[in-house]
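I opened a fresh notebook page for this one and kept my entries short. Come along as I look things up, one topic at a time.

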Amino acid sequence: PRYVTWTEMYRNVSALRLVSRPLRRFSTSKLRLCSTPPPPEEKVDPRVWSVGFSTCIMATGIGLVVPVLPVLAPTIGVSDSQLGFVNAALATARLFCDIPSGIAADKLGRRPLLLAAPAVTGATLLGTGMSGGIWSLLGWRVASGATGTFHWTGLQMYVTDISTPNTRARSFIPMALGFNVGMAFSPTLGGWLVDNYGVFTPFAAAAGTFSLVSLVTYKMLPESADLAKTNKSLGFKDYLVQCKPLMAQPQMRKILLLNGCVLGAFAGGQFYLLPLMVTRMGYTSAAVGGLFSLMSLCGGLQAPISAKICDKYGRKSILVPGSFLAAGLMACVATSTDYYQLLVFASVWSVGLQMALTGVQPWVVDITKQEEITMALALMRVTGNVGMACSPLFLAVLVHYTSLQTALLCEAGLVGIVASYFALSAAETLPKLQGKKLWWQRS
């Protein structure tokens, strides 16, 4: 179609008044109103696909050990409630490394973190597989959490460096897609390895995949940060000073609250309670792996769609529906009576969680100054890890005194309450949509 300005359109309509009605209808149908031609869609940096490939290999290693821990725990005398404390310790280690890892990414660059952290994580996984009791298992999981934080921080900062506000959600999609693709088949493989070759085999395979991540990073990911512009004189206290103005923003507090709640449901609900529910139904590690594979597959398939919606229609367009969907399906999972019903509900639950998580990081970066992005992302990881640390502890206590179903229902209610508060009070942060009212706010 031919694009015309409003002035040209006025002249055309004035001239068409002199002609007949059929001709006027025919002529105006050939015009398309537009004050200016629409700009071409901004494309993402191709390096995000290398990041996605690296994340896929990393997720494969994580997925190999997901169905193994519920099997390993009883063999070394660890109870179900103690396993919840082990999962909480993993998140606690991440919590204490969130800010140091961000400072290291600024001072050393993103690439050193992406090279060293996966190799060390692989060594900690070997130690986890050789654990002989609760304390050794706890120590190796803490070490895994610490090194994994440095790696994930490097990935987040790398993609932030090479993205823009109009491509931010789509730039993070290869990471989310790679994670879900890796998790789509590796839990099933991990369960099969446990059933056929013993508990230690998946940990050894996971250590090999993390070593491969370092090799892929070395070959495919050059440094993304401009270290010449980095102020290396800033110390730990200088970074902490940036927390106060960031936390003073209502928009930041609201998204951090939602982030902690959603990731708490992810860690406590999916990675702690779901495997216990499947094993208590009498199924093997392969069944646990199959459940996680299907959940990751469903979450990965919706990721590109969610990112497109997030960049075009705003962050709240996926944050709010995703959070409500996760809360509702979590309650449905709690009422499941057989494995196949659990498969359906858990898969849709995974879609809701992934939708919500897709919009969190773009929201944080949208409302942050360039020089404060490192600290803002660190705060995002801190609140996420607080949720991931507190949720398993809270759920472990509920499981001990009530039941698995009651614990899941309480978690679902908490997510629903926080999502309602966020939906009613938070304002859109995407620059091109700022100031626009939502449909229920319009007269």
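**Entry 1: a cut-off to start with.** I call a residue buried when its relative accessible area is under 20%, exposed when it is over 50%, and partly exposed in between. I also note that this is a predicted model. My first look-up was Arg 381: its relative accessibility is 7%, under the 20% cut-off, so Arg 381 counts as buried.

**Entry 2: the partner of Arg 381.** Which side chain meets Arg 381 in a salt bridge? I found Asp 98, with 3.7 Å from N to O. Asp 98 sits in helix α5 (residues 80-108) and Arg 381 in helix α16 (residues 373-401), so this pair ties together parts that are 283 residues apart in sequence. I checked the cover on Asp 98 too: it is buried, at 0% relative accessible area. A reminder to myself: side chains of opposite charge can pair when their charged atoms come close.

**Entry 3: more salt bridges.** How many salt bridges are there by this rule? I get a count of seven. One of them joins Arg 315 to Asp 311, where the closest N and O atoms are 3.0 Å apart. Arg 315 is buried, with a relative accessible area of 0%, and Asp 311 is buried as well, at 4%. I then saw that these two belong to a network of salt bridges that links Arg 170, Asp 311, Arg 315 and Asp 366. Another bridge runs between Arg 47 and Asp 45, with 3.1 Å between the closest N and O atoms. Is Arg 47 buried or exposed? Neither label fits, because its relative accessible area of 27% makes Arg 47 partly exposed.

**Entry 4: the largest cavity.** I looked for enclosed space next, and the count came to two cavities of 30 Å³ or more. The largest has a volume of about 1300 Å³. It is lined by 49 residues, and those closest to its centre are Arg 94, Trp 152, Phe 179, Phe 266 and Met 388. Which helix gives the largest share of this lining? I noted helix α7 (residues 134-161), with eight residues. By class, the lining of the largest cavity divides into 30 nonpolar, 15 polar and four charged residues.

**Entry 5: the second largest cavity.** This one holds about 70 Å³ of space. Among the residues that line it are Phe 179, Asn 180, Met 183, Phe 266 and Gln 270. I went on to ask which elements give two or more residues to this lining. They are α8 (168-197), α12 (250-280), α13 (285-313) and α15 (339-366). The classes here are six nonpolar and five polar, with no charged residues.

**Entry 6: out on the surface.** I found a nonpolar patch formed by Val 181, Phe 185, Leu 189, Trp 192 and Tyr 197, with about 510 Å² of accessible area together. I followed up on Tyr 197, which lies in helix α8. Its relative accessible area is 54%, so I wrote Tyr 197 down as exposed.

**Entry 7: a last look at Lys 316.** I located Lys 316 in helix α14 (residues 316-334). Is Lys 316 buried or exposed? I have it as buried, because its relative accessible area is 6%. I also looked up how it sits relative to Ala 427: the two are 111 residues apart along the chain, and their C-alpha atoms are separated by 8.2 Å.

Conventions. Residues numbered from 1 in each chain as written. Predicted model: local features only at pLDDT ≥ 70, side-chain atom pairs only at ≥ 80, totals over all residues. Heavy atoms only, no water. 1 Å grid on protein atoms, 1.4 Å probe; cavity = no way out; pocket = protein on both sides within 12 Å on 5 of 7 lines; lining within 4 Å. Points joined across faces, edges and corners; volume = space filled by probe spheres on them. Helix = DSSP H or I, 4+ residues; strand = E, 2+ residues; numbered from the N terminus. Nonpolar A, V, L, I, M, F, W, Y, C, P; charged D, E, K, R; others polar. Salt bridge = Lys/Arg side-chain N within 4 Å of Asp/Glu carboxyl O. Buried < 20%, exposed > 50% of the residue type's maximum accessible area, 1.4 Å probe, protein only. Patch = residues over 30% accessible without salt bridge, like charges linked within 9 Å, V, L, I, M, F, W, Y side chains within 5 Å. Areas by Shrake-Rupley, 256 points an atom, 1.4 Å probe, with all protein chains shown as cover.
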